[in-house]
Amino acid sequence: MAKLTKERKVEVMVNGEPCFFTLRQPTNEEFNKFSGSRWKGGRRGSMEDCAVKVRCELFDKLLVKVEDLEDESGPIAVDGKDRIPVNIKSAVVFELFEVGEVSEKNF
């Protein structure tokens, strides 16, 4: 039987080394707001891609723990999330909450 958890952990390879991020599960309201904010309608029917920006906002809101990640200033913890590159934040949220197939590794 599948068991839902309050937190989700993902491994990300950075320069060939694994690091781990734990994020809390978003509420339905948080996830719906995130999902609806990825694209913004523009002039003459154009669409603006806001996905990276809103992924980073969701990452910052949900981040619970950082493991095995450092920069030139030293180890990075939750209070140093501003030191985590945008591409990593976006990849984490994409992997945890946007990949179409739900698999055991994501929980």
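**Notes on a predicted model: helix H3 and its surroundings**

1. The buried residues of helix H3 are covered by elements that include strand S1 (7–14), strand S2 (17–24), helix H1 (28–37) and helix H2. Helix H3 itself spans residues 86–98, and its buried residues are Ile88, Lys89, Ser90, Val92, Val93, Leu96, Phe97 and Glu98. As you trace that list along the helix, it helps to keep in mind that an α-helix has 3.6 residues a turn, so residues three or four places apart point the same way.

2. Please remember while reading that this is a predicted model. The protein averages a pLDDT of 87, and 88% of the residues score at least 70. Among the elements, strand S5 (residues 63–67) has the highest mean pLDDT, at 97, whereas strand S4 (residues 47–49) has the lowest, at 67, and I would ask you to keep those two values in view when you look at these strands.

3. Three strands make up an open sheet, arranged in the order S1-S2-S5 with antiparallel pairing. S1 and S5 are the edge strands, since each of them pairs on one side only, and from one strand to the next the twist averages 20°. Between S2 and S5 the antiparallel pairing extends over four bridges, and within this part of the model Thr22 stands opposite Lys65, a residue of S5.

4. Helix H2 lies across strands S2 and S5, and the direction in which H2 runs is at about 75° to S2. H2 is also one of the elements that cover the buried residues of H3, which makes a residue of H2 a useful place to look next.

5. Is Arg55, a charged residue by its side chain, buried or exposed? Arg55 lies in helix H2, which covers residues 51–62, and Arg55 counts as buried because its relative accessible area is 13%, under the cut-off of 20%. Once neighbours within four places in sequence are left aside, Arg55 is in contact with Phe34, Ser90, Val93, Phe94 and Glu98. Of these partners, Ser90, Val93 and Glu98 are among the buried residues of H3.

6. The cysteines deserve a careful word as well. Cys19 counts as buried, at 1% relative accessibility, and Cys56 is likewise buried, with a relative accessible area of 11%. A disulfide is a covalent bond between the sulfur atoms of two cysteines. A search of the whole structure finds zero disulfides, so neither cysteine should be described as part of one, because a disulfide would need two cysteine sulfur atoms within 2.5 Å.

Terms used: Residues are numbered from 1 along each chain as its sequence is written. This is a predicted model: local features need pLDDT of at least 70, side-chain atom pairs count only at pLDDT 80 or more; totals for chains, interfaces and linings use all residues. Side-chain values use heavy atoms; hydrogens and water are left out. pLDDT is the predictor's confidence in each residue, from 0 to 100. Buried means under 20% relative accessible area, exposed over 50%, partly exposed in between (1.4 Å probe, protein chains only). Contact means heavy atoms within 4.5 Å. Two strands pair if DSSP finds at least two bridges between them. Axes are lines fitted to C-alpha atoms, for helices over the stretch in contact, and angles run from 0 to 180 degrees between N-to-C directions.
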